[in-house]
Amino acid sequence: RRRVVVVFLSLPELAKQSITSKGVNAAHLNDVYSALRSVLAKFEGQMRDFLFEDKGCTFIACFGIKQITEVDALRAVLFSLEATAACETLGDPCKIGISMGQCFTGICGHPSRHDFVVMGAEVNMAARLMGKAKVGSALVSERVYNSTKDYMSYDMTNPIEVKGKDGTFRALTPYGRKPGAVRHKSQEEWENTVFVGREDEM
């Protein structure tokens, strides 16, 4: 088990727009998929799944699977804002839910058909938050909010109460980076940062 940030992104209209009487509009579907993968790569997240169902499409991503960092939640929130803007530009508005906590991660299944899975209450919570979010916005759990509130601005006027296994907590909508907040750094930049006054720890 490890701490993971889970992102569920719903594209409720993509299935309708991609499947027409003339067949599947593969070009439009590919544009949306490529845009989301590009934004996800920018913030160094990993795609877990891309589900294409009758109720729409769901893009599932995770942060902190390969390597846990203190900025995984921040990366996830920044991803949600850019992904929302990208989907709006392509004419397919999305809604997003983000949660963070302990999950099981690893290989599951028979060797001939196994898959890498992420399972736990936080996965279910991210899906629930996605369902409660308004189209064109994101909802994050209070744990994600506490991890990113110094860097991101949130709409505090209309918090949504959500029941989890540990009780009731607020779900909040991010809307932008705070003025003066540090910019997002890639993992390579974090690893190459020079520490000052840390001789004992190093």
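**Figure 1. Asp72 counts as buried, with a relative accessibility of 2%.** Welcome to the first close-up of this predicted model. Asp72 is called buried because its 2% relative accessibility falls under the 20% limit for that word. Which residue does Asp72 pair with in a salt bridge? The partner is Arg3, and the closest N and O atoms of the two are 2.9 Å apart. Asp72 belongs to helix 3 (residues 72-89) and Arg3 to strand 1 (residues 2-11), so this salt bridge ties together parts of the chain that lie 69 residues apart in sequence. A search of the whole structure turns up eight salt bridges, and the next two views show others from that set.

**Figure 2. Glu82 and Lys42 form a salt bridge.** Look for the closest N and O atoms of this pair, which are 2.6 Å apart. Glu82 sits in helix 3 and Lys42 in helix 2 (residues 26-42), so the pair links distant parts of the chain, 40 residues apart. Are these two residues buried or partly exposed? Glu82 is partly exposed, with a relative accessible area of 30%, and Lys42 is also partly exposed, with a value of 46%. Both earn that label because 30% and 46% fall between the 20% and 50% limits.

**Figure 3. The side chains of Glu44 and Arg75 meet in a salt bridge.** The N to O distance here is 3.8 Å. Glu44 is in the loop between helix 2 and strand 4 (46-53), while Arg75 is in helix 3, and the two are 31 residues apart. Try comparing how much of each partner can be reached from outside. Glu44 counts as partly exposed at 28% relative accessibility, whereas Arg75 is buried, with a relative accessible area of 3%. Now bring back the pair from the first view: salt bridges with shared partners join Arg3, Glu44, Asp72 and Arg75 into one network. The backbone of Glu44 deserves a glance too. Its phi angle is near 60 degrees, which is a positive value in a residue other than glycine.

**Figure 4. The largest pocket holds about 290 Å³ of space.** Which residues come closest to the centre of the largest pocket? Of the 17 residues in its lining, they are Glu122, Arg143, Gly164, Asp166 and Phe169. Four elements each give two or more residues to the lining: strand 6 (95-108), helix 4 (121-132), helix 5 (142-148) and strand 10 (167-177). Helix 4 supplies the largest share, with five residues. Sorted by class, the lining has four nonpolar, seven polar and six charged residues.

**Figure 5. Ser99 has its place in strand 6.** How much of Ser99 is accessible? Its relative accessible area is 0%, so Ser99 is under the 20% limit and counts as buried. The side chain of Ser99 is joined to that of Glu122 by a polar contact of 2.3 Å. You may remember Glu122 from the previous view, where it is one of the residues closest to the centre of the largest pocket. With residues up to four places away in sequence left out, Ser99 touches Val4, Val5, Val6, Glu122, Met125, Ala126, Leu129, Ser141 and Val144.

**Figure 6. Met130 is part of helix 4.** Is Met130 buried or exposed? Met130 is buried, because its relative accessible area of 12% is under 20%. Here is a nice example of how a chain can fold back on itself. Met130 and Val7 are 123 residues apart in sequence, but their C-alpha atoms are 8.5 Å apart in space. Setting aside neighbours within four places in sequence, the contacts of Met130 are Phe8, Leu9, Ser10, Thr58, Lys95, Ile96 and Gly97.

**Figure 7. Stepping back, the protein chain has six helices and ten strands.** Buried residues, like Met130 in the view before this one, make up 43% of the 202 residues in the chain. How many of the contacts between residues at least 6 apart in sequence join residues at least 24 apart? The share is 66%.

How values were computed: Residues numbered from 1 in each chain as written. Predicted model: local features only at pLDDT ≥ 70, side-chain atom pairs only at ≥ 80, totals over all residues. Heavy atoms only, no water. 1 Å grid on protein atoms, 1.4 Å probe; cavity = no way out; pocket = protein on both sides within 12 Å on 5 of 7 lines; lining within 4 Å. Points joined across faces, edges and corners; volume = space filled by probe spheres on them. Nonpolar A, V, L, I, M, F, W, Y, C, P; charged D, E, K, R; others polar. Buried < 20%, exposed > 50% of the residue type's maximum accessible area, 1.4 Å probe, protein only. Polar contact = N/O pair within 3.5 Å; in protein donor to acceptor, adjacent residues only side chain to side chain. Contact = heavy atoms within 4.5 Å. Salt bridge = Lys/Arg side-chain N within 4 Å of Asp/Glu carboxyl O.
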